[in-house]
Amino acid sequence: MPITIIAVGNGGYNLASDIKNAKLFTDAKLIVCDTDNKELANNAAQADASVHLDEIRKAKSDLTGFVEDVISQVTDAILICATLGGQTGSIYAPLIALAAILKGKFVCSAFSMPFYFEGERKIKQAETAKMQLITASNFAIQQNNEMLKEIGNTDIANMNTPIIEAIKTAISSYSLIELASANNKEIQEIIPENYRKQKEKPLIWLRSDCYRGISDKDRKEVFDSFL
């Protein structure tokens, strides 16, 4: 299945780059998008396409027109990469996911949640974005950065290693479509054991399609209900 990787914001670009460097989706097209022109210019050099995003305050279902330039360039399957908590990733990753799934695209989202020290505002914004991404994704992969301390990995250069290894393990045995239709309890066993046995919350968490068969109207309503 041809796939397009969409890097949302600079954190999303770092994750997308690590995925590309790990050769997980060797033929994937890479689109970078950002509200920051400087970051966008820096990251565009390694991408197949780049899209500047306008600054908006919330990801609402009636604002998908803001990502039409992104969606018009993707294949039938997309992998959205983002770090949640900041404005760009938290707003635009869910919006891109919603716009794509409403057009019949297969949507996989890979994202990280913020550290506790980043503050209550960022954590709350990330939780909202997480729920919207789950609503608009066929399959979701989450890394809880706070739990990196449980495996002794707080090195910024290697902080995406757990989510990369989890994706690698998952797609070595299943296609993305199979993962989307799998039993959620069973797919947790795909995750390397040291990434799912933390004291508070698992470092890595997978979620198959929670809204399979939902109408577009109802999906939009659920999406907006988290705001």
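**Close-up 1. F117, an exposed ring in a predicted model.** The model shown here and in the other views is predicted. F117 has a relative accessibility of 69%, so this residue counts as exposed. The cut-off for exposed is over 50%.

**Close-up 2. The stacked pair of F115 and F117**. One aromatic pair is found in the structure. Its ring centres, those of F115 and F117, lie 5.2 Å apart. The two planes meet at 15 degrees, so the pair counts as stacked. Planes under 30 degrees apart qualify for that label. The partners differ in burial class: F115 is buried because its relative accessibility is 16%, whereas F117, at 69%, is exposed. For F115, the cut-off that applies is under 20%.

**Close-up 3. K130 over the ring of W205**. Here a charge meets an aromatic ring. The charged end of K130 is placed over the W205 ring. Its distance from the ring centre is 5.0 Å.

**Close-up 4. C33, a buried cysteine outside any disulfide**. The disulfide count for the structure is zero. For C33, the nearest cysteine sulfur belongs to C81, 10 Å away. A disulfide needs two cysteine sulfur atoms within 2.5 Å. C33 has 2% relative accessibility and therefore counts as buried.

**Close-up 5. C108, with C81 as its nearest cysteine**. C108 takes part in no disulfide either. The sulfur of C81 is the nearest cysteine sulfur to C108, at 8.4 Å. C108 is buried, with 1% relative accessible area.

Technical notes. Residues are numbered from 1 along each chain as its sequence is written. This is a predicted model: local features need pLDDT of at least 70, side-chain atom pairs count only at pLDDT 80 or more; totals for chains, interfaces and linings use all residues. Side-chain values use heavy atoms; hydrogens and water are left out. Rings of Phe, Tyr and Trp (its six-membered ring) pair if their centres lie within 6.5 Å; planes under 30 degrees apart count as stacked, over 60 as edge-to-face and the rest as tilted. Buried means under 20% relative accessible area, exposed over 50%, partly exposed in between (1.4 Å probe, protein chains only). A charge sits over a ring if NZ of Lys or CZ of Arg is within 6 Å of the ring centre and within 35 degrees of the ring normal.
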